[in-house]
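This report describes a single protein chain for a reader who is new to structural work. Please consult the sequence and the structure shown here while reading.

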Amino acid sequence: MPSTESQKTRIAHFADIHVREGAAFEGLCDSFSLARELGAEAGLLGGDIVMNSVAADLPRVEAQWREFQNARERFPEFTLFPCLGNQDVWGWNQKTSGCTGDEPLFGKAMFLRQMAIPRTYYATRLRSWRLIVLDSIQRGGRHGFYADLGATQRAWLESELQSDLISPTIIMSHIPIVAGPAEFFASESLRPDSQGQWTLKNHLIHSDSFELTHLFSQFKNVKLALSGHTHMPQKVEFLGISYIVSPPVSGAWWRGDFLGQPRGFTLVDLWPDGSFHTQSVQAAKNSQ
């Protein structure tokens with residue numbers, strides 16, 4: 001059983017905000033406000049904070065981040081922990097963004113500056129819990145990015161996990177680490193191939209999923225993994241860990257619900273003994 005209510009820490013996981021000019025500002029503020037009303041002490045930003053900056057020119061990207069920062073400033077007491085999403089990277093699509101690649105804020109540097117953090121992956125504290133934030137986004141592949149940690153980040157992750165075998169731990173990645181039923185059945189683009197085989201593309205699910213899930217299973221204090229990206233909320237229990245994809249704050253990119261799922265976020269209650277409880281919260285308004 002969980003510890004007492006007085007020992008509980010409540011946080012909110014906001015996935016797929018997709019801030020863009022002329023939309024999203026009030027909807028994001030509504031979501032932050034509702035989370036605070038429900039007692040959330042901090043917010044986890046699950047990536048894709050802004051809308052497709054990977055293909056946008058600098059004025060548009062700066063305008064989007066300005067909208068996000070304006071919303072953030074309305075809630076100065078609400079601590080936010082950011083995770084990089086594929087749409088938060090600036091200019092990798094050099095054909096449409098007009099970037100040369102030599103710009104000081106090209107790529108992930110724009111995200112780091114806006115979030116005022118030194119690195120895209122890090123560990124921090126949520127009272128008695130540890131939060132490990134991963135960078136899912138690698139450049140390359142058919143879609144311009146793919147989900148993998150790479151050797152350097154994976155070595156850091158293993159060292160970080162070994163450094164604390166006691167504190168209950170949350171993993172946050174933008175792209176899901178474990179696939180669930182929604183990935184197979186909620187998209188018209190996913191069909192069995194000519195051999196009757198189902199395949200999942202590495203821009204939807206971590207390509208190093210096997211390595212990561214088995215690494216996490218070696219550490220009994222890893223309890224929960226939170227992701228977004230697919231806009232398909234679901235929960236999978238695997239090797240003793242709960243892998244949760246949160247509902248998107250933006251729904252269908254601020255064009256209403258996505259596949260019948262309302263806009264929203266995930267509330268997470270944490271207790272010092274490692275127990276936790278999650279619940280999906282529907283957004284207060286369906287801002288367009």
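## Report on the chain

Apart from its neighbours within four places in sequence, Ile170 is in contact with Ile11, Leu126, Trp129, Arg130, Leu131, Ile132, Leu224, Leu226 and Leu270, where contact means heavy atoms within 4.5 Å. The model is a predicted one, in which local features need pLDDT of at least 70 and side-chain atom pairs count only at pLDDT 80 or more, while totals for chains, interfaces and linings use all residues. Residues are numbered from 1 along each chain as its sequence is written, and side-chain values use heavy atoms, with hydrogens and water left out.

Ile170 lies in strand S8; helices (H or I, at least four residues) and strands (E, at least two) are DSSP runs, numbered from the N terminus. The C-alpha atoms of Ile170 and Val222 are separated by 6.3 Å, although these residues are 52 residues apart along the chain.

The table sets out three residues with their places and relative accessible areas. Buried means under 20% relative accessible area, exposed over 50%, and partly exposed in between (1.4 Å probe, protein chains only).

| Residue | Place | Relative accessible area |
|---|---|---|
| Ile170 | strand S8 | 0%, buried |
| Ala116 | loop between helix H4 (109-115) and strand S4 (122-126) | 67%, exposed |
| His231 | loop between S9 and S10 | 1%, buried |

Two of these entries also concern the backbone. Phi of Ala116 is near 55°, a positive value in a residue other than glycine. Phi of His231 is near 60°, likewise a positive value in a residue other than glycine.

Which residues of helix H7 are buried? In H7, which covers residues 209-216, they are Ser209, Leu212, Thr213, Leu215 and Phe216. These residues lie on the same side of H7 because they cover an arc of only 160° around the axis, the arc being that of the directions from the helix axis to the C-beta atoms. The buried residues of H7 pack against helix H5 (150-163) and against four strands: S8 (169-172), S9 (222-227), S10 (234-238) and S11 (241-245).

The protein chain as a whole has seven helices and 13 strands. Buried residues make up 57% of its 288 residues. Of the contacts between residues at least 6 apart in sequence, 72% join residues at least 24 apart. Along its principal axes, the C-alpha trace spans about 55 × 50 × 40 Å.
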